[in-house]
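This briefing summarises computed features of a protein model for use in structural analysis. It proceeds from the overall fold to selected residues and their surroundings.

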Amino acid sequence: RSPGNRRRVMPEMHYSMPEENGLHHIKTKLLQLPQADASAVLTAQMLLEGLPDDAARQSVSNEAAAKARHACGEGASDEALAAEWGRQAATLCCERQQKKANAAFASALHLPTNPFLFGIALAALLIGALADQWTSNGRLINLLAFPFLGLLLWNAAVYILLLIGFVSKRFRSAHRANWLREAVSRVVCLLGAAHLSLSRRTASAPAVSKTRLVKEASARQHELSALAAASLHLAAGMLAVGLVASILVRGIGTAYAVGWESTWFADSPDAVAAILSALYGWLPLPPSLDLSSAAVKTLQLSADGSAAAASSAAASAWLARLIEALLVFIALPRLLLCLASLIRLRQAAKHWDIAFPTELLERLRRSSSSVRWLLLAQKADFSPALAVLAAQALNCDADSLQHEDFSPWHADAGLPAIAPDCRVALWQRIDETPEEDVHGQALIQLRKASASPILMLLDCRNASARFGSSS
């Protein structure tokens with residue numbers, strides 16, 4: 001490996017999620033990365049945690065950072081640096097653990113969106129149809145009873161909450177924690193963990209872990225919340241469609257009678273008229289309805305539950321207005337909101353949110369000239385000319401090169417002090433025969449003392465002068 005390709009190495013970093021290990025002091029920056037890049041970063045974090053000791057994690061993260069900085073070059077964006085670091089670190093970890101990199105990059109969460117939404121729509125349609133059957137009293141339809149009044153009020157409350165959320169979103173940070181996204185991700189984690197546990201009992205153990213599942217669910221919160229919103233809107237819309245379909249089908253062979261009855265408003269037709277006007281009177285669609293107190297009084301059901309003659313005659317008009325309210329106020333808006341959520345889901349699936357350590361990003365942004373080098377060479381071999389040659393090989397400034405007298409033969413006497421952010425280069429003459437119990441042991445001690453891999457610089461000048469061309 002040529003010295004010119006060793007541009008810089010990062011010190012050891014911890015890539016644990018704050019909520020798992022309590023590392024709240026680690027500052028992170030939220031990066032939106034494409035799915036492949038984000039998966040590589042998550043895989044690198046997981047594989048680094050799976051290495052046997054801190055020294056191995058140090059070596060891999062440092063080497064990956066150096067390769068990422070070299071590959072991206074100057075002026076690279078934070079997203080490009082983080083993605084390249086993830087690929088390099090994951091690849092190095094896979095090489096050490098003898099795993100396939102492609103398998104390690106695989107996603108832990110597989111969302112069958114289309115079959116899931118189809119099942120939601122079918123189930124909501126059937127529930128809506130059955131709700132009309134279960135809550136109706138034969139051919140009588142009570143305008144103040146569930147499910148009609150309950151559905152209208154419930155959807156009105158949902159629209160108010162959506163409006164409040166839309167307005168408040170403009171006054172809060174774009175990356176502020178959202179309780180709905182967090183709740184959805186936690187539910188997905190629980191379901192995924194249950195699926196993994198069941199898979200281990202019924203088949204071979206899956207390739208992903210629960211920790212990876214949690215990390216990926218956190219990174220895909222926007223996607224999961226969009227899928228949850230689309231599912232809820234679709235279910236509400238199809239519930240209304242099922243209710244309408246059941247009314248229309250039953251109306252073929254049933255002479256409906258429409259009325260109202262109430263314990264609290266039995267003697268207050270004015271209050272009932274106000275309620276019915278608020279629920280059904282706002283639609284500028286035919287047929288027209290008489291919502292006066294006198295007309296509403298005629299719709300009141302008798303004590304035995306039978307409808308008056310006037311209510312039977314007006315049943316078709318009231319049913320038409322009821323169906324219009326369900327379609328215009330519930331089904332149509334909910335299906336449009338479902339479509340908007342699906343569009344948001346498609347956009348969110350392209351990029352995941354990765355919490356990347358800020359300190360690592362700052363170190364990745366620095367140029368290679370800011371790397372501190374410590375040159376270990378015997379005092380007898382060191383000279384200004386040697387410093388110039390070493391600086392050229394290390395791609396750094398000769399004035400910033402620090403020299404320490406060091407000989408492998410005297411390594412037992414003590415090692416020089418090595419700063420955590422300092423790279424170490426060991427100068428060795430090529431005509432000096434290395435011995436395992438001397439040079440090998442010295443390299444092992446240096447590697448333990450250094451936060452980054454040791455770079456060997458071989459001095460070939462004497463060999464070239466002795467064996468090179470006489471010209």
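The points below are grouped by topic.

The model is predicted. The protein chain holds 18 helices and 8 strands, and 42% of its 471 residues count as buried. Of the contacts in the chain between residues at least 6 apart in sequence, 84% join residues at least 24 apart.

**Nonpolar cores**

- The largest nonpolar core has 34 residues, of which Phe148, Leu276, Tyr280 and Trp318 touch the most other members.
- Two or more residues of this core come from each of helix 7, helix 10 (221–250), helix 11 (269–280) and helix 14.
- The most is given by helix 14, which supplies 10 residues to this core.
- A second core, separate from the largest one, has 29 residues, including Leu31, Ile354, Leu360 and Leu364.
- Beyond its neighbours up to four places away in sequence, Phe148 touches Asp132, Ile141, Asn142, Leu243, Ile247, Tyr280, Leu322 and Leu326.

**Aromatic pairs and a charge over a ring**

- The count of aromatic pairs comes to 4.
- One of them joins Tyr159 and Phe329 in an edge-to-face arrangement, with 5.4 Å centre to centre and 80° between the planes.
- Tyr159 belongs to helix 7 (residues 148–169) and Phe329 to helix 14 (residues 315–348), so this pair ties together parts that are 170 residues apart in sequence.
- Phe329 counts as partly exposed because its relative accessible area is 22%, where buried would require a value under 20%.
- Ring pairs also bring Trp282 into a cluster with Tyr159 and Phe329.
- Arg334 lies over the face of Trp154, at 5.4 Å from the ring centre.

**Val328 in helix 14**

- Val328 has its place in helix 14 and is partly exposed, with a relative accessible area of 34%.
- Val328 touches Trp282, Leu283, Leu285 and Pro333 when residues up to four places away in sequence are not counted.
- Of these partners, Leu283 is 45 residues from Val328 in sequence, while the two C-alpha atoms are 8.7 Å apart in space.

**Asp353 in strand 4**

- Asp353 lies in strand 4 (residues 351–357).
- This residue counts as buried because its relative accessible area is 11%, which falls under 20%.
- The side chains of Asp353 and His222 make a polar contact at 3.0 Å.
- Leaving aside neighbours within four places in sequence, the contacts of Asp353 are Leu30, Leu31, Gln32, Ala219 and His222.
- Leu31, a contact of Asp353, is also a member of the second nonpolar core.

**Thr358 and Glu79**

- Thr358 is found in helix 15 (residues 358–365).
- Not counting residues up to four places away in sequence, Thr358 touches Lys27, Thr28 and Lys29.
- Thr358 and Asp78 are 280 residues apart in sequence, yet their C-alpha atoms are 9.9 Å apart in space.
- Glu79 lies in helix 4 (residues 78–97) and is partly exposed, with a relative accessible area of 32%.
- Leu31, Gln32 and Leu33 are touched by Glu79, with residues up to four places away in sequence not counted.
- Leu31 and Gln32 thus appear among the contacts of Glu79 and among those of Asp353.
- The C-alpha atoms of Glu79 and Ala38 are separated by 9.5 Å, although the residues are 41 apart along the chain.

**Asp37 in helix 2**

- Asp37 has its place in helix 2 (residues 35–49).
- With a relative accessible area of 18%, Asp37 is buried.
- Asp37 touches Ala83 and Arg87, apart from residues up to four places away in sequence.

**Cysteines and disulfides**

- A search of the whole structure finds 0 disulfides.
- Cys93 is buried, with a relative accessible area of 0%.
- Cys338 is likewise buried, with a relative accessible area of 6%.

Key: Residues numbered from 1 in each chain as written. Predicted model: local features only at pLDDT ≥ 70, side-chain atom pairs only at ≥ 80, totals over all residues. Heavy atoms only, no water. Disulfide = S-S within 2.5 Å. Buried < 20%, exposed > 50% of the residue type's maximum accessible area, 1.4 Å probe, protein only. Phe/Tyr/Trp six-rings, centres within 6.5 Å; stacked < 30°, edge-to-face > 60°. Helix = DSSP H or I, 4+ residues; strand = E, 2+ residues; numbered from the N terminus. Lys NZ or Arg CZ within 6 Å of the ring centre and 35° of its normal. Core = buried A, V, L, I, M, F, W, Y, C linked by side-chain atoms within 4.5 Å. Contact = heavy atoms within 4.5 Å. Polar contact = N/O pair within 3.5 Å; in protein donor to acceptor, adjacent residues only side chain to side chain.
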